[in-house]
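Subject: Structure for your files

Hello,

Here is the structure I promised to pass on. Please look it over before reading my notes underneath.

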Amino acid sequence: MPLSRRLTLTQYLIEQRRRFPGASGDLNALILDVSIACKAIARAVAFGELAESTAGNAGGGVNVQGEVQKKLDVVSNEMFIATAEWSGHLAGMASEEMDQPYQIPRPFPRGKYLLVFDPLDGSSNLDVNVSVGSIFSILRAPDDAVESGRDLTEADFLQPGSTQVAAGYALYGPATMLVMSVGDGVVGFTLDLNLGEFKLTHPHITVPADTQEFAINGSNSRFWEPPIKRYVDECLAGKTGPRGKDFNTRWIASMVAEAHRILMRGGVFMYPRDTKDPARHGRLRLLYEANPIGFLMEQAGGRASTGRQPVLGVKPSELHQRIGLVFGSRNEVERIERYHREPATRDSGNPLFSERSLFRD
Ligand code: AHG
Ligand code: MN
Ligand code: MN
């Protein structure tokens, strides 16, 4: 299709809204605000070390999760707030970089949606100029909060991922992309730098059901639970192992970039629950990492799971809750779930315990 005939994000959203004649347009406007924040972040990220005001760590700051904050983590968070708070479409926001929910300041009207986001995912990769991204999830605010306009509490955000109205991410790679779903499949837009507009380049993103590629941080292998050890072990055994085929591995350490690769060509990503730190049940955060990416995977025909249950069915207990996460090609994710259900014993013939196992105990 010639470039000029591609829909812009605005046109795509208008077209979607025509399917729902009663829709107010608030969701469209909110998504457009998010896209503007993402364009601003894309510009800020692209300056790299040249941008003295945004390069490096934020004055010794750590976020609520005890992680070192980059200046760009903080700046990106501010960009989301500044573009989304004034519009009247939001009842409140929550983000990785804010301990508590963000209340929409009083001069601005309050609306019916909640915006939950990871303003910059994979930010440790900024030092090495590797792709990073922003992740967002849109939920409905509880009715009483919308009617009364009251301040929001943490509990208002603790909704399972299956209730998301829309979710997506921006990827700041060689090209900037916006990939999202409003619950009707997954679409991808590429930022046209000449126009400063996102153009629809990927109208029907689907995840192949099978794959020969998996992504996991192998340095944690000694902390993995048996089902994950078994799965990885079987993949690594290749053609002559139980899977009868060779697998590739990938690890970018930007989940958003891994999710994008999987949406483009399949694969499976694992950051499973492990025994590294008994105080936490996984590395990634449920509300602004696992749920939005899980929503996209399911909408694209893939699958997202904790290993034990579909991630979108988990009832959150905390705003910054961490969770084990496995997502990607459906047949592989289902296999990993099956391994979680099957007891692994030394007598079961499980290759985890075989002499040739690379990850044997
Ligand atoms: P964030 O930069 O928002 O804190 O998230 C980083 C996450 C995720 O993107 C990535 O998959 C993972 O951390 C990388 O973990 P390791 O450092 O264990 O590789
Ligand atoms: Mn992140
Ligand atoms: Mn982040």
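The notes below cover the metal sites and one helix pair.

Please keep in mind that this is a predicted model.

Manganese sites

The manganese ion (ligand 2) has three protein donors, D118 (OD), D121 (OD) and E289 (OE), at 1.8 to 2.1 Å. Along the chain these donors follow the spacing D-x2-D-x167-E. Distant parts of the chain are linked here: D121 sits in strand β5 (residues 113–121) and E289 in helix α7, 168 residues apart. Both D121 and E289 are buried.

For the manganese ion (ligand 3), the protein donors are E96 (OE), D118 (OD) and L120 (O), lying 2.2 to 2.7 Å from the ion. Their spacing in sequence is E-x21-D-x1-L. E96 belongs to the loop between β3 (90–95) and β4 (102–103), while L120 is in strand β5, 24 residues away. E96 has 6% relative accessibility and therefore counts as buried; L120, at 1%, also counts as buried.

D118 appears in both donor sets because it bridges the two ions, ligand 2 and ligand 3, which are 3.6 Å apart.

Helix pair

Helix α7 (residues 286–299) also packs with helix α6 (residues 255–265): their axes come within 11 Å and cross at roughly 10 degrees. The two are therefore roughly parallel. On α6 the contact is made by M255, A259, I262 and L263, and on α7 by E289, I293, L296 and M297. By class, that contact has 7 nonpolar, no polar and 1 charged residues. E289 of α7 thus takes part in this contact and is also a donor to the manganese ion (ligand 2).

Regards

Key. Residues are numbered from 1 along each chain as its sequence is written. Chains are lettered from A and ligands numbered from 1 in the order in which they are written. This is a predicted model: local features need pLDDT of at least 70, side-chain atom pairs count only at pLDDT 80 or more; totals for chains, interfaces and linings use all residues. Side-chain values use heavy atoms; hydrogens and water are left out. Axes are lines fitted to C-alpha atoms, for helices over the stretch in contact, and angles run from 0 to 180 degrees between N-to-C directions. Helices (H or I, at least four residues) and strands (E, at least two) are DSSP runs, numbered from the N terminus. Angles under 35 degrees count as roughly parallel, over 145 as roughly antiparallel, 65 to 115 as roughly perpendicular and the rest as oblique. Contact means heavy atoms within 4.5 Å. Ala, Val, Leu, Ile, Met, Phe, Trp, Tyr, Cys and Pro count as nonpolar, Asp, Glu, Lys and Arg as charged, and the others, Gly among them, as polar. Donors are N, O and S atoms within 2.8 Å of the metal (3.2 Å for Na, K and Ca); water is not among the atoms, so sites may look incomplete. Buried means under 20% relative accessible area, exposed over 50%, partly exposed in between (1.4 Å probe, protein chains only).
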